[in-house]
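Subject: Structure handover

Hello,

Here is the structure you are taking over. Please open it and keep it in view while you read the notes underneath.

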Amino acid sequence: MAFEGASKVWINGRLVPWQEATIHVCSHVVHYGSSVFEGARCYKTTRGAAIFRHREHVRRLLDSAKIYRMEPSYSEQQLSEAVIETIRANQLEACYIRPVIYRGFGTLGVNPSASPIDTAIAVWKWGAYLGAEALEQGVDVTVSTWSRMAPNTFPAMAKSGANYMNAQLINVEARERGFIEGIALSTEGYVSEGSGENVFVWWRGKLLTPPVSASILPGITRDTVITLARELGYTVDETNIPREMLYVADEVFFTGSAAEVTPIRSIDRVKIGEGRRGEVTEKIQRAFFAVVNGEDDNHQDWLTPVYS
């Protein structure tokens, strides 16, 4: 059964029916998690279907592959065109985009060098990641008992499949405890990120977000929000955030390609601010959606048309 709106998947240069987009059970990626991937969105904008920050997502995919010594057979330009081709083949105006580079069937030793490097792109319809109502009402989250990886263990700057085993533990634990999402701390005890989202804190007139050194993935939506917040006149600091600041913050919100800009209304059952979307979060949220919907003339370069 295909995801909504998905009929074809791009694999190693050709489009195949969704049901035929398969790999061998002994592929290296199945046993060792040897994959890197991206998550991006195509929006139905006022000017037609457009991919948000397409270039940056493809570049980060290739950066992740380089860190893991996985050189794909396709250039940045070829991958960019392949994503557009896949959206067109599925006849979608708005969708989630999941390109993945992975080690296929070759060897089952830990050393992956004898396994081929394959590339695939899937697209499908996917609404608000944390729920449509979450964008306005906010979500209830918890600080996870699981930490993010320590420096020099896993490369946090790479968006790799293996890293998301840690993310799964964070998310599953949060759900089992009755929360929507978890926030992990770094091994030094500072705020790091959610299972698939970056974190922002509005505290005493400043917008704070953890630095890259806090074992975060440098999010493209995170970078977008930093830019938009500064254009709105807010001071933005990338700095270590102690756990207790989450509880006394005026506002806290998540960002991510899937989560977009999602307010957090409580953490560990402690109400954040007024317990609903705050004024700063709402202004940033509106600025973000103005961009992705094609209504902001200042950032049209962040949108790549699909059908032009």
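The notes below go through strands, then helix contacts, then a few single residues.

Please keep in mind that this is a predicted model.

Strand β6

Start with strand β6, residues 95-103. Seven of its nine residues are buried, so the strand is mostly covered. Three strands that pair with β6 are described here, namely β3, β4 and β7.

Strand β3 covers residues 35-37 and runs antiparallel to β6, with three bridges joining the two. One pair to look for is V36, whose bridge partner in β6 is I101.

Strand β4, residues 40-45, is also antiparallel to β6, and three bridges connect them. Here A40 stands opposite I97 of β6, and C42 has C95 of β6 as its bridge partner.

Strand β7, residues 117-124, pairs with β6 over eight bridges, again in the antiparallel sense. In this pairing Y102 of β6 is matched with D118 of β7.

Strand β4 and its hairpin

How many residues of β4 are buried? Five of its six are, so the rest of the structure largely encloses this strand. Besides β6, strand β4 pairs with strand β5, residues 48-52, through four antiparallel bridges. The two strands β4 and β5 make a hairpin, and two residues lie between them. C42 is a useful residue to find, since it takes part in both pairings: I51 stands opposite it in β5, and C95 is its bridge partner in β6.

Helices α2 and α3

Next come two helix pairs. Helix α2 is residues 54-67 and helix α3 is residues 76-89. Their axes are 10 Å apart, and the helices pack at an angle of about 125°. An angle between 115 and 145 degrees falls in the oblique class, and α2 and α3 are therefore oblique to each other. The crossing of α2 past α3 is right-handed. On the α2 side the contact consists of H54, R55, V58, R59, L61 and L62. On the α3 side it consists of E76, L79, S80, V83 and I84. Sorted by class, this contact has six nonpolar residues, two polar ones and three charged ones.

Helices α6 and α8

What is the angle at which helices α6 and α8 cross? For α6, residues 220-231, and α8, residues 279-292, the angle is roughly 110°, and the axes come within 10 Å. Angles from 65 to 115 degrees count as roughly perpendicular, so α6 is roughly perpendicular to α8. This crossing is right-handed. From α6, the residues in contact are T221, T224, V225, L228 and A229. From α8, they are I284, A287, F288 and V291. By class there are seven nonpolar residues, two polar residues and no charged residues in the contact of α6 with α8.

Q285

Helix α8 also holds Q285. Is this residue buried or exposed? Its relative accessibility is 5%, and buried means under 20%, so Q285 counts as buried. With neighbours within four places in sequence left aside, Q285 is in contact with L135, V261, P263 and R277.

Two loop residues with positive phi

Last, there are two arginines to look at. Most residues other than glycine have a negative phi. R69 has a positive phi, near 60°. R204 also has a positive value, near 50°.

Where is R69? It sits in the loop between α2 and α3, the helix pair described above. R69 has a relative accessible area of 68%, and the cut-off for exposed is over 50%, so R69 is exposed.

R204 is in the loop between β11 (198-203) and β12 (206-209). This residue is exposed as well, with a relative accessible area of 68%. In the chain R204 and E251 are 47 residues apart, and their C-alpha atoms are separated by 10.0 Å.

If you want an order for viewing, begin with C42 and its partners I51 in β5 and C95 in β6. Then move to the contact of α2 with α3, and to R69 in the loop between these helices.

Regards

Notes:
Residues are numbered from 1 along each chain as its sequence is written. This is a predicted model: local features need pLDDT of at least 70, side-chain atom pairs count only at pLDDT 80 or more; totals for chains, interfaces and linings use all residues. Side-chain values use heavy atoms; hydrogens and water are left out. Axes are lines fitted to C-alpha atoms, for helices over the stretch in contact, and angles run from 0 to 180 degrees between N-to-C directions. Angles under 35 degrees count as roughly parallel, over 145 as roughly antiparallel, 65 to 115 as roughly perpendicular and the rest as oblique. A crossing is left-handed if the near helix is turned anticlockwise from the far one by less than a right angle, and right-handed if clockwise. Contact means heavy atoms within 4.5 Å. Ala, Val, Leu, Ile, Met, Phe, Trp, Tyr, Cys and Pro count as nonpolar, Asp, Glu, Lys and Arg as charged, and the others, Gly among them, as polar. Buried means under 20% relative accessible area, exposed over 50%, partly exposed in between (1.4 Å probe, protein chains only). Two strands pair if DSSP finds at least two bridges between them.
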